[in-house]
Amino acid sequence: MPRRRPEDALPLSPPMFHVLLSLSKGERHGYLIMKEVEDRTAGGVRLSTGTLYGIIRRLLDGGLVTEVPAADPRRRAYRLTPFGRDVARAEAERLESLVVEARHSRLLGARRRPS
Amino acid sequence: MTRHDRWYRRFLRLFPADFRGDFGDSMRADFDDERRLAAGRGWGAMLRLWARTLGGFLRVGPREHLAQCAADARLGLRLGARQPGTTAATALVLALGVTGITSSFAVVDAFLLRPLPFADADRLVHVWSTDRPTGQTSLRSAWPDVEAWAGARSIDGVAAFNYTEEDLTGDDRPERLNTGRVTANLFDVLGVQVALGRGFRPGEDRPGAPRVAVLSHGFWQRRYGGTPAVLGRAVSIGNVPHTVVGVMPPTFVFPIPTTAVWLPYELDADRYPYDRQALQAVARLAPGASRATALQELASITDALARDHGAAAGDRGVAFEPLRNALNFADEGFRVGAPILLAASALILLVACANVSSVLLGRVLARAREVSVRAAMGASRLRLFRQFMVESAGLAVAAIALGLVLSQAWLVRMQQMIPLELFRVGDIGLDWRAVLVAVGAAAMAVAIAAFLPALRFGRANPAAVLRQEGTAATGSRRALRAQHALLATQVTLSVALVASAFVALDVVGGLSRSDPGFDRERVLTMKFILGEERAAAGDEIAAFHARLLEEARALPGVQAAALVNHLPLNHEVAQIVYARPEDPPATDGTRRSVIEVAVSAEYFETMGIGVTDGRDFDARDGRSGAAAAVVNRAFGERLWPGRSPVGRELALGADGRRVTVVGVVSDARHWTLSGEDEPIVYRPLPQVPRRHARLIVRTPGDPAGLADAVQQAVWRVDRTMPLTEIRTLDQVVRDFLLPQRAMGTSMAALGAVGLLLMAIGLYGLLALVVGQRRREIGVRMALGASKGEVVRAVVASGLRVTAIGLVLGLGLAAILTSLLTGLLPGARLLDPFALAGSTAALLLVAGVSAYLPARRAVRVDPMQTIRDT
């Protein structure tokens, strides 16, 4: 298979990026990912099992994550592949550049106002 | 297992089985954790969890199904790309199957299926007057009858019409027009609106009314560039000035597709008396009135009128005919031909199905391990079926596209073969319905093709397959048997098709070769019409004819010249009732009719019909001469068996006019080329003058080369006379056979396609088998088998399968051809020539198809083959 560039996988949907963010800290199984995403967004993004595994299926097919044995035999755990890490980084950079752009055009102040 | 878990598992079915297999357990475990957490937070949290979970299922489940289909399709394309030759051949096979059914449908659609372009067309009927004593329908009605029917309560109006030809003159481009003579209410009865201007007004179909004309859309565009300024313009039609008042919409076709202009009749009792049945009638049934009621009411009106006219009440009857059947002259032929064409096309599609199925099976066998693993992991037959179907989606799309292109090309050809005058709705071409048929046919073919491999593997014992290594599995006996069965099916269907094609060709060939009873070589024919204002005077017509013949006969290169009102084998016929003077008065069913043809002197010589008794018409049979007739052998034999008809008297027509038979001629065909002899009575043209006539000349040289000189001769008599349908007699006969030839060509094409499909199928299968047996072949050759032995073995295995298909196919062909003989007059049952021909063609094709892959197999180095596999 020809080497793919991480940029080709962009942009990621927000839930997908959240899943990659969680996995960037290490191996996780599904439930842990859901919990982390929920905590990180203070309940703003709550993945259902169906949504989560739909995302995982696509990440597996795209070679962004890989499956690893989990402690609980019923479960499966997942780990970022180097390519997945590149994609996640590229997406973060893309988001960052968008934020910088937003600052330049004074959509955002130097400090974030409490909402 | 909790109640929640049970429900969760039920809802998981929204996902594809593969997805459930991969993630189902994890999802259940995760959901279990979520559920425990929510349970601690109360019912509200539990409800929110379920809502979120189900929402996710409904969103993601269908998406996963789609993603899987896309993956299957990509896999199909990849597998297809790996064997470009096989894939292209399969796509072509399927495309040919699609082409057959789509183009056959398009033809049938235009002629038989598309709704007539009239309002509530199912309430329209063609009304025929019948003659009860002869049991014959005249296809025409008398004006007094039509006028009386209009009062019936069970119909919403009745209109009369007929098609004829008139000359458009008055400017520098005179031309002959197909015209529709109609009553003023025709457009109302048909429920159509003019596109421009107005239709006819009540009373415009009576003598003395201003003469008006309505143009067809096509004629308006062609002749007047589509300008609205044509309204109000005066045009000379049949040497009578008419004012153009309207233009019909492009969809309006009536009564034949080439009708360019509609003119009202000039109806009154003098011109259209009770005895003259010259009008065709179309009636619209009143809402709620049944055909039976309407028929009964019209019949009683007809009876009442008959009593008024002193005719024996009950002689004249009424019959209804569906309007579409009545408008298409070749309707009977189409009703026979259409099912044959469609059935043959369906057979082709079936062959294509078997072929695609065989290729799919081959592909599946090549990755039997993967498929078996999937089956072992719980992929259902349904899932496999879907996978195979979607895998072939690319094939189907290519086949539809190619099939539509081929259909269009074929239809353009068909269009040229089918006479323009045959009534059809819309063009013979591809519309959305035809495209739908193409898509449906391809989808159905792929579904049938995907069925067999799915069945085969859904049933396989996965463990057994897994124990074997890939190549061993593909060579398994059962798999090969399935392949062979498919191939035998293809051969069976192809044999049947080819044999049917031979029968159809045999019929057409037989008709083309059959003797019409006249000499069709070296005769030129052309048509002319005397202007309407001359029609009243029989003397003028006769004088004109005499001058015309004089000029024509004086031409160098003209051996004989004559006039006739109806050319033989040209779909023109008039029947006249007859009786022998010694016969008792006719009662029900005893009155008989005969074909009547009006001819000038020298007609029989010009046509090459022999005078066997008595004499030809001559100067004695002019306007003032005694009423004379010539009968053909068949008619003479019917009238006075075993005795000479010459000098005997005959009563002709409803008024029983006495004529004397002056001669007998040999039998010649007039209406059909097959079937029983046709009795014909010939009348001298001066005694029965006709406005419409054909000039025919015989020459020792090339008849077509004489056309200019003959036209000049006619123009010396009348400088403005348009001449049309300038054809050799041979061409007339060939035109007559157009529908049969079109049918024969179609069947031949379908037979050839069947043969081609079989060849591709056989080649594909043997290539696969040889591929699978490469190792065995290598071993054999390493052990000393010669190349020839190996090739013979492979070809023999192909021929064995072909032979089985051949035997079955001949059985099927016997059934099909016996059906054909019932439908096609002149078809011979199981013609030995057809059988030998199709068998030989098939064996030859099968031999070549088997030889090619075999040769390829023995070309490689045996040791290499063994090492590779």
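# A tour of chains A and B

Select the strands of chain A, where an open sheet of three strands has the order β1-β3-β2 with antiparallel pairing; strands count as paired if DSSP finds at least two bridges between them. Helices (H or I, at least four residues) and strands (E, at least two) are DSSP runs numbered from the N terminus. The model is a predicted one, in which local features need pLDDT of at least 70 and side-chain atom pairs count only at pLDDT 80 or more, while totals for chains, interfaces and linings use all residues. Residues are numbered from 1 along each chain as its sequence is written, and chains are lettered from A and ligands numbered from 1 in the order in which they are written.

**The sheet of chain A**

The edge strands of this sheet are β1 (28–29) and β2 of chain A, each of which pairs on one side only. Select next β2 (residues 65–69) and β3 (residues 76–80) of chain A, which pair in the antiparallel sense over five bridges and are joined by a hairpin through six residues. Two pairs can be labelled here: T66(A) has R79(A) in β3(A) as its bridge partner, and V65(A) stands opposite L80(A) in β3(A). Now add helix α1 (residues 14–23) of chain A, which lies across β1, β2 and β3 of chain A and runs at about 90° to β3(A). For such angles, axes are lines fitted to C-alpha atoms, for helices over the stretch in contact, and the angles run from 0 to 180 degrees between N-to-C directions.

**Chain A as a whole**

With all of chain A displayed, one can follow four helices and three strands, whose order from the N terminus on is α-β-α-α-β-β-α. The C-alpha trace of chain A spans about 50 × 40 × 20 Å along its principal axes. Of its 115 residues, 33% are buried, where buried means that 20 or more other C-beta atoms lie within 10 Å of a residue's own, exposed that 12 or fewer do, and partly exposed anything in between, with C-beta atoms placed from the backbone. Among contacts in chain A with a separation of 6 or more, 52% involve residues 24 or more positions apart; a contact requires C-beta atoms, placed from the backbone, within 7 Å of each other.

**Where chain A meets chain B**

Select the residues of each chain that touch the other: chain B gives 18 residues to the contact and chain A gives 15 residues. On the side of chain B that touches chain A, α2 (17–41) and α3 of chain B each supply at least two residues. By class, that side of chain B has seven nonpolar, five polar and six charged residues, with Ala, Val, Leu, Ile, Met, Phe, Trp, Tyr, Cys and Pro counted as nonpolar, Asp, Glu, Lys and Arg as charged, and the others, Gly among them, as polar.

How do α3(A) and α3(B) lie to each other? Helix α3 (residues 49–61) of chain A and helix α3 (residues 43–82) of chain B pack at an angle of about 30°, with their axes 7 Å apart. The two helices, α3(A) and α3(B), are therefore roughly parallel to each other, a description used for angles under 35 degrees, whereas those over 145 count as roughly antiparallel, 65 to 115 as roughly perpendicular and the rest as oblique. To display this contact, pick residues including G50(A), G54(A) and R57(A) of α3(A) together with G56(B), F57(B) and E64(B) of α3(B). The contact of α3(A) with α3(B) has, by class, two nonpolar, seven polar and three charged residues.

**Chain B and its core**

Moving to chain B, the secondary structure comes to 28 helices and 23 strands, and 42% of the 869 residues count as buried. The largest nonpolar core has 219 residues, of which L94(B), A213(B), A352(B) and V356(B) touch the most other members; such a core is a set of buried Ala, Val, Leu, Ile, Met, Phe, Trp, Tyr and Cys residues joined through C-beta atoms within 7 Å. Apart from this core lies another, of 30 residues, including L12(A), L20(A), Y53(A) and L80(A). Centring on A213(B) brings up residues that A213(B) touches, among them V235(B), H242(B), V261(B) and W262(B), not counting residues up to four places away in sequence.

**Backbone stops in chain B**

Select P255(B), found in the loop between β9 (240–247) and β10 (261–264) of chain B, where a cis peptide bond joins F254(B) and P255(B) with omega about -10°. Next, N239(B), in the loop between β8 (234–237) and β9 of chain B, has a positive phi of about 65° although it is not a glycine, and with 15 C-beta neighbours inside 10 Å N239(B) counts as partly exposed. Finally, D120(B) lies in the loop between α4 (84–113) and β1 (124–131) of chain B and has a positive phi of about 40° although it is not a glycine.

Key
Two residues are in contact if their C-beta atoms, placed from the backbone, lie within 7 Å.
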